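Hi everyone, thanks for making time for this today. I'd like to walk you through a structure that may be new to you, so please have a look at it with me.

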Amino acid sequence: MIFRKLKTIAIMAFMSVTAIPMMGQDLIARQAPIDKKMKAVDSVALNRLIQTEQMETPAADLYEDWNNKYAHRATELPDTFRIDLRDFCMPTTNRVVTSNFGRRWGRQHKGIDVKVYIGDTIRAAFSGKVRMVRYDRNGYGNYVVIRHGNGLETIYGHMSKQLVEENQVVAAGEPIGLGGNTGRSTGSHLHFETRLCGVALNPAIMFDFHNQDVIGDYYMFYKNRFESESVLANRLRGVGGGGNIGENEEDLELAIAAPEAKYAKDVKFHKVAAGETLSSIAKKRGTTVDALCKLNHIGKRIRLMPGQILKYN
């Protein structure tokens, strides 16, 4: 009798032990969909956290700190850097450039001047975070400095009024101030600067105020040639822009404006003129519409814009 009870207890114990893994497997099986959902939630949360951090400290990889003390302070430039120009907004709808980047009146002019009237809306060129909102009576007047996620910092000077605060996150196209004539200024205009690591780059390398556009989706910065590019950009997009350029200079300009850094040697560039179509360009360049579309990753129904750069071979 005792032996039979012991046998029964042993069998029940064995069954309970073997049931534990089975129950565990059932629990895991039931938990699996939940785990997948949680992973998805975690991924979304992580992406949001990354985006938030990038907005909180835009271009952190390029800049050592975030401060509201200096309008600009030059640090070491990268040898090459791709600047994303997508999702831009022109700071003003005015197309008249009144002063170029470069040597002026015996000193270096670190930006370009665009004609605006007092009270005209000035907008953020890209999304970013406002680093400075100050007044400089001997220089910028009322000005705003914005650091952007694409690595640039933009400065907007001589405004009559600022509409943002320091450390405020702004979207591309958001009003940040009103046109004016404050500081060291001889007439109402917008002084607009683009800086990389605190070093002034000619805005005309990237922005075309005459056509209210940028030169492409990206600008590839090269440390050893951005100064020479600046001279040509002034001739093309500065005061009285669209001046005559020679064949060799035109090739250089097209290469500068091209959105990619490197191309095969047999690839050439075409700058779209007003009224041109894919068919007319293909005929002019001795190629086909299909070839143009394939090489430029565009559709046949794309709306071409004057100044747009197309590759062909």
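Let me start with a term we'll need: a residue counts as buried under 20% relative accessible area, as exposed over 50%, and as partly exposed in between. Please also keep in mind that what you see is a predicted model.

Let's put that term to use on helix H4, residues 278–285. Its buried residues are Leu278, Ile281 and Ala282. Seen down the axis of H4, these fall within an arc of 100°, so they line one face of the helix. On the other side of H4, Lys283 and Lys284 are exposed. There is a general point behind this: an α-helix has 3.6 residues a turn, so residues three or four places apart point the same way.

What covers the buried residues of H4? The cover includes strand S18 (268–271), helix H5 and strand S19. Just after H4 comes Gly286, with a positive phi of about 70°.

While we're in H4, have a look at Arg285, which is found in that helix. Arg285 counts as partly exposed, because its relative accessibility is 30%. Setting aside residues up to four places away in sequence, Arg285 touches Phe269, His270 and Tyr312. Tyr312 is 27 residues away from Arg285 along the chain, yet their C-alpha atoms are separated by 7.6 Å.

Next is helix H5, residues 289–296, where Leu292, Cys293 and Asn296 are buried. Looking down the axis of H5, we find its buried residues within an arc of 95°, so here too they line one face of the helix. Their cover includes H4 and strand S19, residues 309–312. After H5 comes His297, whose phi is positive, near 60°.

Now let's step back to the whole chain. How many helices and strands does the protein chain have? The secondary structure comes to 5 helices and 19 strands. Of the 313 residues, 41% are buried. If we take the contacts with a separation of 6 or more, residues 24 or more positions apart account for 65% of them.

That brings us to the inside. The largest nonpolar core has 44 residues, and the ones that touch the most other members are Val144, Tyr156, Met206, Phe207 and Tyr219. Several elements each supply at least two residues of this core, including strand S7 (128–136), strand S8 (141–148), strand S9 (152–159) and helix H2 (226–237). Apart from this core lies another one, of 10 residues, among them Cys293, Leu304, Leu310 and Tyr312. You've met two of those names already: Cys293 is one of the buried residues of H5, and Tyr312 is touched by Arg285.

Back in the largest core, which residues does Met206 touch? Leaving out residues up to four places away in sequence, Met206 touches Ile83, Leu85, Leu152, Thr194, Leu201, Asp213, Val214, Ile215 and Tyr219.

Another residue to find on your screens is Val114, in strand S5. Val114 is buried, with a relative accessible area of 0%. Not counting neighbours within four places in sequence, its contacts include Val96, Thr98, Leu190 and Phe209. The C-alpha atoms of Val114 and Thr98 are separated by 5.6 Å, with the two residues 16 apart along the chain.

Let's turn to empty space. The second largest pocket holds about 510 Å³. Among its 24 lining residues, Arg104, His109, His158, Arg184 and His191 are the closest to its centre. By class, the lining has 2 nonpolar, 14 polar and 8 charged residues. Which strand gives the most to this lining? It is S13, with 4 residues. Strands S2 (97–99), S4 (107–109), S5 (112–115) and S13 (189–196) each supply at least two.

One of those central residues deserves a second look. His158 lies in strand S9 and has a phi near 70°, a positive value in a residue other than glycine. Is His158 buried or exposed? Its relative accessible area is 5%, so His158 is buried. Asn167 also has a positive phi, near 70°, but sits in the loop between strands S10 (161–162) and S11 (169–170). Asn167 counts as partly exposed, at 39% relative accessibility.

That's my tour, and I'm happy to take questions.

Conventions. Residues are numbered from 1 along each chain as its sequence is written. This is a predicted model: local features need pLDDT of at least 70, side-chain atom pairs count only at pLDDT 80 or more; totals for chains, interfaces and linings use all residues. Side-chain values use heavy atoms; hydrogens and water are left out. Buried means under 20% relative accessible area, exposed over 50%, partly exposed in between (1.4 Å probe, protein chains only). The arc is that of the directions from the helix axis to the C-beta atoms. Contact means heavy atoms within 4.5 Å. On a 1 Å grid over the protein atoms alone, a cavity is a set of points where a 1.4 Å probe fits but cannot get out, and a pocket is an open set with protein on both sides within 12 Å along at least five of seven lines; lining residues have an atom within 4 Å of a point. Grid points are joined across faces, edges and corners, and a volume is the space filled by probe spheres set on the points. Ala, Val, Leu, Ile, Met, Phe, Trp, Tyr, Cys and Pro count as nonpolar, Asp, Glu, Lys and Arg as charged, and the others, Gly among them, as polar. A nonpolar core is a set of buried Ala, Val, Leu, Ile, Met, Phe, Trp, Tyr and Cys residues joined through side-chain atoms within 4.5 Å.
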